[in-house]
Amino acid sequence: MSFDAYHKWLGIPPEQQPPHDYQLLGISTKETDREVIETAAQRQRSIIEENLHGPHRKVANQLLYEIDEAELTLLSPELREVYDQQVTRAV
């Protein structure tokens, strides 16, 4: 059985994986408040950073990268517009 960091660390169930950026940050798809997005990204990072030196450090580093990318995407109006179209099509 493989380790599921999305589920164990971030509470994202297997049936919702791979998560989209909103799920990764634990926020609504309608969230537009910059401070809420930044705070959510930092909260998720702090959870992952607790595991940087454990047996799953490689997975932790990958998740930190994904969280950084999600924050960047959701804070950029241009990137977010394109991303939201992709998420809408996928749902």
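**Exercise 1. Place Leu 52 in the fold and describe its surroundings.**

Start with the position: Leu 52 sits in the loop that runs between H3 and H4. Keep in mind, as you work along, that this is a predicted model.

Next, take the accessibility. Leu 52 has a relative accessibility of 22%, so it counts as partly exposed, since buried would require a value under 20%.

Then list the partners. Setting aside neighbours within four places in sequence, Leu 52 is in contact with Arg 57, Ala 60, Asn 61 and Leu 64. For a sense of scale, Leu 52 and Gln 17 are 35 residues apart in sequence, and their C-alpha atoms are 22 Å apart.

**Exercise 2. Work out how H3 and H4 pack, and which residues make the contact.**

A reminder before the numbers: two packed helices are described by the angle between their axes and the distance between the axes.

Step one is to read off the geometry: H3 and H4 pack at about 180°, and their axes are 10 Å apart. Step two is to classify it. The angle makes H3 roughly antiparallel to H4, because angles over 145 degrees fall in that class.

Step three is to find the residues involved. On the H3 side, the contact includes Arg 34, Ile 37, Ala 41 and Ile 48. On the H4 side, Ala 60, Leu 63, Leu 64, Ile 67 and Leu 74 are among the residues that take part.

**Exercise 3. Examine H4: its span, its buried residues and the surroundings of Leu 63.**

Begin with the span. H4 covers residues 57-75, which is 19 residues, and reaches 27 Å from its first C-alpha to its last, close to the 27 Å expected.

Now collect the buried positions: Ala 60, Leu 63, Leu 64, Ile 67, Ala 70, Glu 71, Thr 73, Leu 74 and Leu 75. For the spacing of such positions, recall that an α-helix has 3.6 residues a turn, so residues three or four places apart point the same way.

Finally, look at one of these residues. Leu 63 lies in helix H4 and is buried, with a relative accessible area of 2%. Beyond four places in sequence, Leu 63 is in contact with Ala 5, Tyr 6, Trp 9 and Ile 48. Its C-alpha is 9.6 Å from that of Glu 49, which is 14 residues away in sequence.

**Exercise 4. Identify the central members of the largest nonpolar core and the elements that build it.**

First, the members: the core has 22 residues, and those touching the most other members are Trp 9, Leu 25, Ile 27, Ile 48 and Leu 74. Second, the elements: H1 (5-10), H2, H3 (34-49), H4 and H5 each give two or more residues to this core. Third, the top contributor is H4, which gives 7 residues.

To see one hub in detail, turn to Leu 74. Leaving aside neighbours within four places, Leu 74 is in contact with Asp 21, Tyr 22, Leu 25, Ile 27, Ile 37, Arg 80 and Tyr 83.

**Exercise 5. Describe the aromatic pair of Tyr 22 and Tyr 83, then the setting of Arg 80.**

The structure holds 2 aromatic pairs. In the pair of Tyr 22 and Tyr 83, the ring centres are 6.4 Å apart and the planes meet at 45°, so the pair is tilted. Tyr 22 belongs to H2 (residues 21-25) and Tyr 83 to H5, so the pair ties together parts that are 61 residues apart in sequence. Both tyrosines are buried.

Now move to Arg 80, which is located in H5 (residues 77-90). Arg 80 is buried, with a relative accessible area of 10%. Not counting residues up to four places away, Arg 80 touches Tyr 22, Thr 29, Lys 30, Glu 31, Thr 32, Ile 37, Thr 73 and Leu 74. The C-alpha atoms of Arg 80 and Asp 21 are 10.0 Å apart, although 59 residues separate them along the chain.

**Exercise 6. Find the cis peptide bond and locate it.**

Most peptide bonds are trans. The bond from Gln 17 to Pro 18 is cis, with omega near -5°. To locate it, note that Pro 18 lies in the loop between H1 and H2.

For the neighbourhood, try Asp 4, in the segment before H1. Not counting residues up to four places away, Asp 4 touches Pro 14 and Gln 17.

Note on methods: Residues are numbered from 1 along each chain as its sequence is written. This is a predicted model: local features need pLDDT of at least 70, side-chain atom pairs count only at pLDDT 80 or more; totals for chains, interfaces and linings use all residues. Side-chain values use heavy atoms; hydrogens and water are left out. Helices (H or I, at least four residues) and strands (E, at least two) are DSSP runs, numbered from the N terminus. Buried means under 20% relative accessible area, exposed over 50%, partly exposed in between (1.4 Å probe, protein chains only). Contact means heavy atoms within 4.5 Å. Rings of Phe, Tyr and Trp (its six-membered ring) pair if their centres lie within 6.5 Å; planes under 30 degrees apart count as stacked, over 60 as edge-to-face and the rest as tilted. The expected span of a helix is 1.5 Å times one less than its number of residues. A nonpolar core is a set of buried Ala, Val, Leu, Ile, Met, Phe, Trp, Tyr and Cys residues joined through side-chain atoms within 4.5 Å. Axes are lines fitted to C-alpha atoms, for helices over the stretch in contact, and angles run from 0 to 180 degrees between N-to-C directions. Angles under 35 degrees count as roughly parallel, over 145 as roughly antiparallel, 65 to 115 as roughly perpendicular and the rest as oblique.
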